[in-house]
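Please explain how this structure is put together, moving from the contacts between its chains to the packing of helices and then to single residues.

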Amino acid sequence: MRILKPPAIAKAVLWLILNHSHPETMIGDFEEMYNEIARNKGPFRAKIWYWSQIILTFPSFVKNSIYWGATMFTNYFKMALRFIKKHKVFSLINISGLAVSMACCLFITLWIFDELSFDKFHADSDQIYQALGNGRIPSTPLPLAAALKETFPEVIYASRFEGIGEPLFRREDKAFYENGVAVVDPDFFKIFSFPFLQGDPDTVMEDIYSIVISERIANKFFPGEDPLGKALTMNDELDLTVRGVMKDIPQNSTLQFDIAIHYDIRISNFTPAGADINSWGWWSPNTFLKLQKDVSIIAFDQKITKFFQSKFEKGNDDEALTALPFTERRFFFWETEQYIMIYSVIAVFIVIVSCINFINLSTARSANRACEIGIRKVVGAFRKNLIFQFLGESLFLTLTALVTALLIVSTVLPFFNSLTGKQIAADSLNQPSILLIMLGLVLFIGIASGSYPALILSSFKPVQVMKGHLNLGSSGSVFRKVLVVIQFSISIILIIGTGIVYKQLSYIKTKDIGYAKDQLITISLKGESRRSYDILKNRLNADNRILGVTGMADDLPNFGWTSSTAEWEGKDTTKEIHIGFNFVDYDVAKTLGIELVEGRDFSREFMADAESGYLVNEELVKLMGLESAVERPFKEFGKAGKIIGVFKNTHFLPLTYQINPLYFQLNPVRVNHLVLRVPTENMPATIQFIKDTWEEIVPMYPFEYRFVDADFDRAYVNIERMGRLANVFTFFAIFIACLGLFGLASFTAGQRSKEIGIRKVLGASMPGIVVLLSSEFTKWVLIANVIGWPVAYLVMHRWLQNFAYRVNMGFGIFILSGLAALTIALVAISYQTIKAATANPVDSLRYE
Amino acid sequence: MKYLSRPEELVLLTIWKMKEEPYGINIRKYITKMTGKYWSIGSIYVPLDRLENKGYLTSSLVSPTSERGGKSKRFYQLTKEGLKQLQEIKKIYQAFWKDLPDLSVKKT
């Protein structure tokens with residue numbers, strides 16, 4: 001006989017609604033009858049029967065459960081509200097702690113979501129890749145994009161992308177230096193789908209003299225006009241026609257630019273003379289590729305690497321070319337992955353701290369509810385009901401906290417945005433995934449923090465409780481102590497972490513980087529002002545307020561140019577060696593204030609300098625393998641010459657990078673930036689003088705200058721923001737921990753009130769009692785130190801590896817953080833301990 | 001003695017009287033046959049539960065069969081108290097019915 005199984009869902013429903021002391025046998029009965037009906041009337045009828053049985057019993061089941069559920073729920077709810085009202089301080093501490101921690105979590109979630117949204121808005125963003133050269137650096141050889149597109153059928157489109165300084169744009173009477181200028185190939189707007197307001201992205205870059213501008217630029221140069229087809233003049237040398245207007249690029253794009261022009265313009269106008277643009281040794285642009293769907297990226301990497309190596313005569317096996325998925329660009333170059341990690345950890349920490357608070361306060365306060373529990377048990381509540389009640393209560397509190405947290409988030413969001421440099425809108429909280437996270441947060445915090453008190457409270461024995469013998473047990477107090485220790489370990493780790501971040505940042509900012517960045521001003525030179533460079537220089541040099549004047553091609557403080565075509569005696573020709581370089585004018589060492597180890601600065605007294613002089617840094621001398629480099633031959637960009645001086649290693653890159661080999665070539669023709677050294681005293685007057693001189697010589701150019709030290713600091717904006725944000729979160733984590741401690745101290749003091757009373761009667765002094773009460777907390781914080789220190793050391797050691805030049809952590813900061821935590825803890829409990837110590841012993845002893 | 005509700009009474013009576021295996025399905029079948037009315041599942045199992053709680057019934061499990069999805073049958077049996085209860089009920093009813101030989105006769 002065939003055995004039929006009833007529908008699984010129906011069976012599951014039956015299980016749920018059965019209210020019988022032997023559910024298994026009943027299910028068995030159902031199954032047997034189901035089979036019988038199936039045999040006699042067919043399985044369809046049997047199914048109908050099975051379901052109808054369930055449906056018939058359902059109304060009464062629902063009625064019963066809802067009725068009794070609602071009755072009990074009203075009661076639970078009433079009790080919860082009464083309890084909150086009766087213990088206002090306790091409830092306030094609890095809810096505000098939870099609310100603050102949830103607000104912190106929400107902020108961190110918003111931040112992380114914003115980071116993850118980077119570059120995802122392009123159509124087919126999963127097909128876009130960036131080619132990374134040797135050592136996974138962004139700059140690639142000039143001919144790479146075209147060569148890859150030509151050679152590999154997988155590549156649909158390829159384009160170069162590069163920022164070019166600060167060209168001057170002029171239209172009629174409006175002239176502005178624009179710093180968001182990118183040079184791109186025609187394929188660029190086919191790869192990326194930046195939305196266009198006007199113009200066709202597919203053809204917009206066909207013409208070499210076309211220009212694409214953002215809405216912002218359009219409004220700046222063409223207010224109230226249709227910019228399409230109109231001309232913009234670049235550096236007073238080139239007329240470009242506006243062929244497209246795109247929407248302003250969203251903040252969550254790693255490619256940021258306001259103006260796009262054709263790459264050939266860069267080649268014709270911004271390339272050093274003598275440089276071979278077809279050379280594979282000249283590395284500069286980023287290269288972006290759009291690949292066919294479903295290309296195996298590992299195989300593709302191998303193919304392009306092989307192709308890449310074949311381009312170098314030396315057949316260098318070290319060279320590699322890899323394709324980085326474009327959506328990972330943010331992680332890769334901004335290294336946000338670690339910040340996401342750090343913030344996530346902080347978020348988890350904060351949640352743990354606030355959960356611990358909740359647990360501690362609830363169990364500590366459980367004595368207040370003992371009678372209620374006793375009565376409930378006597379009247380017939382099962383333990384299950386009580387657990388349900390207290391879990392529900394904690395969920396209710398958590399939900400209240402969530403509402404408060406949302407209020408906090410929506411009011412504080414503008415500050416958060418300015419702190420992080422993001423533009424997160426308040427309605428981004430409405431994303432389904434964030435709502436889901438909120439729900440998860442409420443459930444997690446509610447259950448995690450509610451379950452321990454629920455178990456403890458529901459385990460009370462009614463008889464004992466009603467008699468007034470409430471024994472909370474020593475195991476409970478040990479558990480609470482462990483929780484407090486965990487809380488303070490976390491606080492100490494956070495304090496040490498923020499301290500070391502701060503220390504490293506101030507180290508970077510105050511470290512002697514080898515040149516006088518505080519005294520340097522740079523001014524961009526374009527077109528006519530570029531041609532007037534010599535006049536400007538001489539006029540400014542003649543004034544005694546100016547300490548030095550020189551010029552440079554690549555601007556301070558961060559040089560990015562490298563080349564691999566330099567030649568010298570004994571160079572290892574089997575390797576591609578990239579060396580940083582810059583074109584400079586006379587007096588460079590004097591103006592920048594860099595120290596010469598040997599040799600001399602460029603000087604007009606030596607005619608040969610102009611033809612063949614090179615200044616190199618110590619690192620390059622080391623690379624060349626020489627003891628003394630002066631008078632040694634050196635050749636680059638067709639200029640065979642010799643080294644005239646060696647300068648000390650100087651940081652021309654942020655301190656996250658090692659100092660690399662670098663040389664200066666004397667080449668005043670290629671200078672794009674005027675560099676001035678001025679005394680820091682009386683700065684406004686000096687700048688006014690420079691401005692007057694400028695306006696006298698090149699009146700048609702706006703005068704814009706930059707302080708090198710400000711630009712230098714800008715490189716650390718991200719790290720600084722991270723540090724500040726971490727500070728804020730640390731503050732709140734500690735704040736929440738203190739709230740908990742405050743509550744716990746009041747509990748301990750309450751528990752020991754009789755003991756304190758007797759001590760006072762027997763002659764104990766007030767300070768003595770304060771010390772007595774504080775000593776326990778002190779012990780916990782000290783234990784927390786022991787746990788926190790090694791963890792903080794390991795974590796911060798890892799973080800410091802990001803910097804090529806890092807501060808010594810030192811033991812002091814650990815001690816200091818420990819002391820800080822201890823002080824904070826003692827202050828937090830002081831109100832309660834002093835209150836307990838000054839209380840009149842009569843009050844605490846009288847009721848017996 | 002305690003009075004039982006009518007369904008409880010009938011279920012108790014059924015279990016005492018029936019000759020088939022005394023578990024849920026058969027009890028329901030028997031009681032349906034005897035009363036000629038539809039008895040929902042709940043109206044059988046709830047009285048069974050209550051009678052067991054009151055101590056008039058005991059139950060035991062017998063070996064499971066595959067037809068029942070591997071679940072055992074639960075056989076119900078009267079306890080001594082259950083039997084006593086039935087006797088009481090019978091006595092009371094007989095006392096009441098004694099002077100009423102025919103229901104069609106109107107009491108004057």
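Two residues are taken to be in contact if their C-beta atoms, placed from the backbone, lie within 7 Å. By that criterion, 18 residues of chain A are in contact with 16 residues of chain B. On the side of chain A that touches chain B, α2 (23-41) and α3 (43-86) each supply at least two residues, and α2(A) gives the most, with 10 residues. Helices here are DSSP runs of H or I with at least four residues, strands are runs of E with at least two, and both are numbered from the N terminus. The model is a predicted one, in which local features need pLDDT of at least 70 and side-chain atom pairs count only at pLDDT 80 or more, while totals for chains, interfaces and linings use all residues. Residues are numbered from 1 along each chain as its sequence is written, and chains are lettered from A and ligands numbered from 1 in the order in which they are written.

The two helices named at the interface also pack against each other: the axes of α2(A) and α3(A) come within 7 Å and cross at roughly 145 degrees, where axes are lines fitted to C-alpha atoms, for helices over the stretch in contact, and angles run from 0 to 180 degrees between N-to-C directions. Their crossing is right-handed, a term used if the near helix is turned clockwise from the far one by less than a right angle, with left-handed standing for an anticlockwise turn. On the α2(A) side the residues that meet α3(A) are A:Tyr34, A:Ile37, A:Ala38 and A:Lys41, and their counterparts in α3(A) are A:Pro43, A:Arg45, A:Ala46, A:Trp49 and A:Tyr50.

A second helix pair is formed by α4 (residues 88-116) and α13 (residues 383-420) of chain A, whose axes come within 7 Å and cross at roughly 45 degrees. That angle makes α4(A) oblique to α13(A), given that angles under 35 degrees count as roughly parallel, over 145 as roughly antiparallel, 65 to 115 as roughly perpendicular and the rest as oblique. The crossing of α4(A) past α13(A) is right-handed. Among the residues of α4(A) that take part are A:Asn94, A:Ile95, A:Leu98, A:Phe107 and A:Trp111, which belong to a set that meets residues of α13(A) including A:Leu397, A:Ala401, A:Ile408, A:Phe416 and A:Thr420.

A:Trp111, which lies in helix α4 of chain A, deserves a separate look. A residue is called buried if 20 or more other C-beta atoms lie within 10 Å of its own, exposed if 12 or fewer, and partly exposed in between, with C-beta atoms placed from the backbone. A:Trp111 is buried because 20 other C-beta atoms lie within 10 Å. Leaving out residues up to four places away in sequence, A:Trp111 touches A:Tyr343 and A:Thr420; the C-alpha atoms of A:Trp111 and A:Tyr343 are 8.9 Å apart, although the two are 232 residues apart in sequence.

A:Asn417 is placed in helix α13 of chain A and is partly exposed, with 15 other C-beta atoms within 10 Å. Apart from neighbours within four places in sequence, A:Asn417 is in contact with A:Lys422, A:Gln423 and A:Ile424, and its C-alpha atom is separated by 9.9 Å from that of A:Phe107, 310 residues apart along the chain. A:Val348, in helix α11 (residues 336-364) of chain A, is likewise partly exposed, with 13 other C-beta atoms within 10 Å, and its C-alpha atom and that of A:Cys105 are separated by 8.0 Å across 243 residues of the chain.

Two aspartates are notable for their backbone angles. A:Asp124, in the loop between α4 and β1 (128-132) of chain A, has a phi near 55 degrees, a positive value in a residue other than glycine. A:Asp236, in the loop between β8 (231-234) and β9 (238-246) of chain A, also has a positive phi near 55 degrees.

Helix α27 (residues 812-838) of chain A has 27 residues and reaches 37 Å from its first C-alpha to its last, close to the 39 Å expected at 1.5 Å a residue, the expected span being 1.5 Å times one less than the number of residues. α27(A) nevertheless has a kink of about 45 degrees centred on A:Ser830, the bend at a residue being the angle between axes fitted to the seven residues ending there and the seven starting there. Buried residues of α27(A) include A:Phe814, A:Ala821, A:Ala828 and A:Ile829. A:Cys738, in helix α24 (residues 717-751) of chain A, touches A:Ile824 and A:Ala828, not counting residues up to four places away in sequence, and counts as buried with 21 C-beta neighbours inside 10 Å.
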